[in-house]
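Welcome! Here is a short tour of a protein and its ligand, written as a briefing. Please have a look at the model first.

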Amino acid sequence: MSASTAPTSFQAPFDAPRLGEPYLLTPGPLTTAYEVKAAMLRDWGSWDGDFRQMTASLRSQLLAIEGDTKGEFDCVPMQGSGSFSVEAMLGSFVPKESRTLVLMNGAYGKRIAQTLSYLGRDHVAIDKGDYMPPRGHEVAAALDADPSISHVVVVHCETSSGILNPLREISEAVYSRGRKLLVDSMSAFGAVPATSEDFRYEAIVSSANKCIEGVPGFGFIIARKSELEAAKGRSHSLSLDVHAQWDYMNKTGQWRFTPPTHVVAAFLEALRLHQEEGGVSARGARYANNRNVMVSGMRNLGFETLLGDEWLSPIIVTFFSPAHQNFRFERFYELMKDKGFIIYPGKLTVVDSFRIGCIGRMDQHVMRRVVDAAAASLAEMGVDRADPPQAALAERARLAA
Ligand SMILES: Cc1ncc(COP(=O)(O)O)c(C=O)c1O
């Protein structure tokens with residue numbers, strides 16, 4: 001039995017009632033389709049030919065989404081959460097005697113620098129604080145000033161603020177100076193175009209439980225074959241060695257160590273739904289619509305977004321916490337949960353905020369209900385308007401200037 005014969009008889013609409021299960025307005029794990037969950041209702045032998053065929057299909061479908069038309073890239077799935085794959089990418093593709101420029105504008109950029117420190121890889125950073133984008137001209141200047149930098153690492157959608165970083169101009173700055181780019185596209189891949197023709201890179205990482213809408217359990221690294229070859233013997237880690245996993249998978253069709261079999265089966269079903277929906281552009285359009293409906297409804301209540309419209313990703317949106325004296329995020333969270341929606345605390349250091357995700361198995365009808373739930377929750381808290389503190393808006397205007 002191949003994965004495609006997993007139970008798929010029931011196809012729920014995007015706004016299906018959740019049978020008591022709340023919607024996860026979080027950027028992964030996220031709300032998955034019934035069919036994705038149902039695909040996990042059988043066991044798979046990890047050495048068996050059926051599962052090897054499932055692994056091969058997963059790899060080739062991800063490469064098709066990445067858009068490699070010239071056969072220059074390959075896909076290496078890796079057990080663990082997304083951070084494991086980021087660490088695997090850095091340990092495998094950043095040479096030991098090299099200097100890396102890390103572009104930081106939030107928690108995940110910081111984690112990249114922290115990972116490089118653990119790996120003992122020399123690095124410098126452009127740190128734009130909580131949410132301002134690193135710009136191409138800043139990268140160009142940093143590279144011109146330091147010829148010893150060989151690699152640049154950037155987060156595609158910095159999920160801590162929801163900003164979509166300007167990858168095209170960054171990549172141009174990197175390659176026009178003969179350096180190499182590695183991308184953490186954890187929360188963007190599958191919904192935001194990321195082919196190597198959109199912007200050039202050596203490797204890009206994402207995971208099962210983000211925009212492809214699978215369940216958590218593995219990540220994947222899509223890298224140039226030339227980089228995969230060059231990574232032989234470089235990794236600091238046995239289990240996170242991308243070259244070793246790639247080589248073994250190519251020779252045997254298997255994962256080196258116990259694969260997350262059920263997660264892979266669920267992911268193949270998620271890939272089928274991704275394709276059925278219309279691929280990256282259709283998925284991105286649904287998420288953008290989710291965002292637009294949700295943001296305009298929230299603004300009507302007085303809420304304001306941390307980011308100006310030009311930087312808002314279709315993945316997750318950060319809102320300032322309202323200035324009203326009765327507003328408490330913990331209470332708002334519980335009231336939203338009572339109404340069937342799990343929201344996300346903020347991750348900013350300077351101002352109070354919270355986040356609402358736009359990704360997962362839901363559509364604009366769900367997002368309208370989210371806004372209704374927010375309105376009802378505010379009323380229960382005795383908050384008539386959700387306007388942010390003036391100081392937060394002034395800070396945003398200052399940084400944007
Ligand atoms: C951009 C980005 N990088 C890395 C990670 C880390 O992934 P994980 O929490 O699965 O380890 C996340 C998680 O949301 C992310 O959004």
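Is Thr-261 buried or exposed? Thr-261 is buried, because its relative accessible area is 10%, and buried means under 20%, exposed over 50% and partly exposed in between, with a 1.4 Å probe and protein chains only. This is a predicted model, in which local features need pLDDT of at least 70 and side-chain atom pairs count only at pLDDT 80 or more, while totals for chains, interfaces and linings use all residues. Residues are numbered from 1 along each chain as its sequence is written, and side-chain values use heavy atoms, with hydrogens and water left out.

**Around the ligand**

- The shell around the ligand includes Ser-81, Gly-82, Ser-83, Tyr-108, Arg-111 and Cys-157; a residue is near a molecule if one of its heavy atoms lies within 4 Å of it.
- Sorted by type, the shell has four nonpolar, four polar and three charged residues. Here Ala, Val, Leu, Ile, Met, Phe, Trp, Tyr, Cys and Pro count as nonpolar, Asp, Glu, Lys and Arg as charged, and the others, Gly among them, as polar.
- Helices α3 (82-93) and α4 (107-119) each supply at least two residues of this shell. Helices (H or I, at least four residues) and strands (E, at least two) are DSSP runs, numbered from the N terminus.

**Polar atoms facing the ligand**

- A polar side-chain atom of Ser-81 is 2.5 Å from a ligand oxygen atom, and for a polar side-chain atom of Ser-83 the distance to a ligand oxygen atom is 2.6 Å.
- In the side chain of Tyr-108, an N or O atom lies 3.4 Å from an oxygen atom of the ligand.
- How much of the ligand does the protein bury? Taken alone, the ligand exposes 390 Å², and the protein buries 86% of that; accessible areas come from the Shrake-Rupley method with a 1.4 Å probe, and for residues only the protein chains shown count as cover.

**Thr-261 and its neighbour**

- Thr-261 belongs to helix α9, which covers residues 261-277.
- The side chains of Thr-261 and His-262 are joined by a polar contact of 3.2 Å. A polar contact is a pair of N or O atoms within 3.5 Å; within protein, one must be able to donate a hydrogen and the other to accept it, and residues adjacent in sequence count only if both atoms are side-chain atoms.

**Residues in loops**

- Look for Pro-29 in the loop between β1 (23-24) and α1 (34-38). The peptide bond leading to Pro-29 from Gly-28 is cis, with omega near 5°.
- Glu-213 sits in the loop between β9 (203-207) and β10 (218-224). Its phi is near 70°, a positive value in a residue other than glycine, and Glu-213 is buried, with a relative accessible area of 4%.
- Arg-135, in the loop between β4 (122-127) and α5 (136-145), is partly exposed, with a relative accessible area of 29%.

**Apart in sequence, apart in space**

- Arg-135 and Pro-166 are 31 residues apart along the chain, and their C-alpha atoms are separated by 6.9 Å.
- Trp-311 lies in the loop between α10 (279-300) and β11 (316-320) and is buried, with a relative accessible area of 16%. From Trp-311 to Cys-157 the C-alpha distance is 10.0 Å, with their positions 154 residues apart in sequence.
- Arg-396, in helix α13 (residues 390-400), is 39 Å from Pro-77, C-alpha to C-alpha, and the two are 319 residues apart in sequence.
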